[in-house]
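Me: I'd like to talk through this model before I set anything up. Can you walk me through the fold, the buried positions and the charged pairs?

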Amino acid sequence: MEKKKIDRINELYKKNKIEGLTDEEKIEQSLLREEYLESVRKNFKSTMNTIKLKDEKGNITPLKPKHKND
């Protein structure tokens, strides 16, 4: 996610604490937060897909998810 969007999330958070947000700003904040969470989830899944396990015999296998939530 772009730094500009993260900065906007923080700006809206601070404004909400000080004076509150308009309805439009609340919608914008919600959309930006969801985009941010999607980015975090995507990065986490990508990281998890690179993990490999090595057993006592030296065999290396990729980490397998317990549940498929795609």
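Reply: What follows goes from the overall fold to single residues, and the model is a predicted one.

Me: What pattern does the chain follow along the sequence?

Reply: Read from start to end, the protein chain runs α-α-β-β, with 2 helices and 2 strands in it. Its radius of gyration is 19 Å, well over the 11 Å that the globule rule gives for 70 residues, so the chain is more spread out than a compact globule.

Me: And what does the C-alpha trace span along its principal axes?

Reply: The C-alpha trace of the protein chain spans about 60 × 20 × 20 Å along those axes. One pair across the chain is Leu63 and Leu12, which are 51 residues apart in sequence and whose C-alpha atoms are separated by 39 Å.

Me: How much of the chain is buried?

Reply: Buried residues make up 9% of the 70 residues in the protein chain. The accessible surface comes to about 6500 Å², and 53% of that surface belongs to carbon and sulfur atoms. As for contacts with a separation of 6 or more, residues 24 or more positions apart account for 31% of them.

Me: Helix 2 next. How many residues does it have, and how far does it reach?

Reply: Helix 2 covers residues 23–49, which is 27 residues, and it reaches 39 Å from its first C-alpha to its last, close to the 39 Å expected at 1.5 Å a residue.

Me: Which residues in helix 2 are buried?

Reply: Glu25, Gln29 and Leu32 are buried in helix 2, and what covers the buried residues of this helix includes helix 1, residues 3–18.

Me: A Glu on that list catches my eye. Why does Glu25 count as buried, and what is it in contact with?

Reply: Glu25 has a relative accessibility of 13%, and it counts as buried because the cut-off for that label is under 20%. Leaving aside neighbours within four places in sequence, Glu25 is in contact with Arg8, Leu12, Lys15 and Gly20.

Me: Same for Gln29: what is its relative accessible area, and which residues is it in contact with?

Reply: Gln29 has a relative accessible area of 7% and is buried. With neighbours within four places in sequence left out, Gln29 is in contact with Leu12, Tyr13 and Leu21. Leu12 is therefore a contact of Glu25 as well as of Gln29, and the general helix geometry is worth recalling here. An α-helix has 3.6 residues a turn, so residues three or four places apart point the same way.

Me: Switching to charges. How many salt bridges are there?

Reply: The count comes to 6 salt bridges. One of them joins Glu35 and Lys5, whose closest N and O atoms are 2.8 Å apart. Glu35 lies in helix 2 and Lys5 in helix 1, so this pair ties together parts that are 30 residues apart in sequence. Glu35 is partly exposed, with a relative accessible area of 33%, and Lys5 is partly exposed too, at 27%.

Me: Which residues are linked in a network of salt bridges?

Reply: Arg8, Glu11 and Glu28 are linked in such a network. Arg8 pairs with Glu11, the closest N and O atoms being 2.4 Å apart, and both residues lie in helix 1, 3 residues apart, about one turn of the helix. Glu28 forms a salt bridge with Arg8 as well, with the closest N and O atoms 2.9 Å apart. Glu28 lies in helix 2 and Arg8 in helix 1, so that pair ties together parts that are 20 residues apart in sequence.

Me: Are those three buried or partly exposed?

Reply: Arg8 counts as partly exposed at 23% relative accessibility, Glu11 counts as partly exposed at 47%, and Glu28 is partly exposed with a relative accessible area of 28%.

Me: Last topic, greasy surface. Which residues make the nonpolar patch?

Reply: Met1, Tyr36, Leu37 and Val40 make a nonpolar surface patch of about 310 Å². Leu37 lies in helix 2 and is partly exposed, with a relative accessible area of 37%.

Me: And Leu63, where is it found and what is it in contact with?

Reply: Leu63 is found in the segment after strand 2, which is residues 60–62, and it counts as partly exposed at 30% relative accessibility. Apart from neighbours within four places in sequence, Leu63 is in contact with Met48, Ile51, Lys52 and Leu53.

Note on methods
Residues are numbered from 1 along each chain as its sequence is written. This is a predicted model: local features need pLDDT of at least 70, side-chain atom pairs count only at pLDDT 80 or more; totals for chains, interfaces and linings use all residues. Side-chain values use heavy atoms; hydrogens and water are left out. Patches are made of residues with over 30% relative accessible area and no salt bridge: like charges are joined within 9 Å, nonpolar side chains (Val, Leu, Ile, Met, Phe, Trp, Tyr) within 5 Å. Accessible areas come from the Shrake-Rupley method with a 1.4 Å probe; for residues, only the protein chains shown count as cover. A salt bridge is a side-chain nitrogen of Lys or Arg within 4 Å of a carboxyl oxygen of Asp or Glu. Helices (H or I, at least four residues) and strands (E, at least two) are DSSP runs, numbered from the N terminus. Buried means under 20% relative accessible area, exposed over 50%, partly exposed in between (1.4 Å probe, protein chains only). Contact means heavy atoms within 4.5 Å. The expected span of a helix is 1.5 Å times one less than its number of residues. The radius of gyration is taken over C-alpha atoms; the globule rule is 2.2 Å times the number of residues to the power 0.38.
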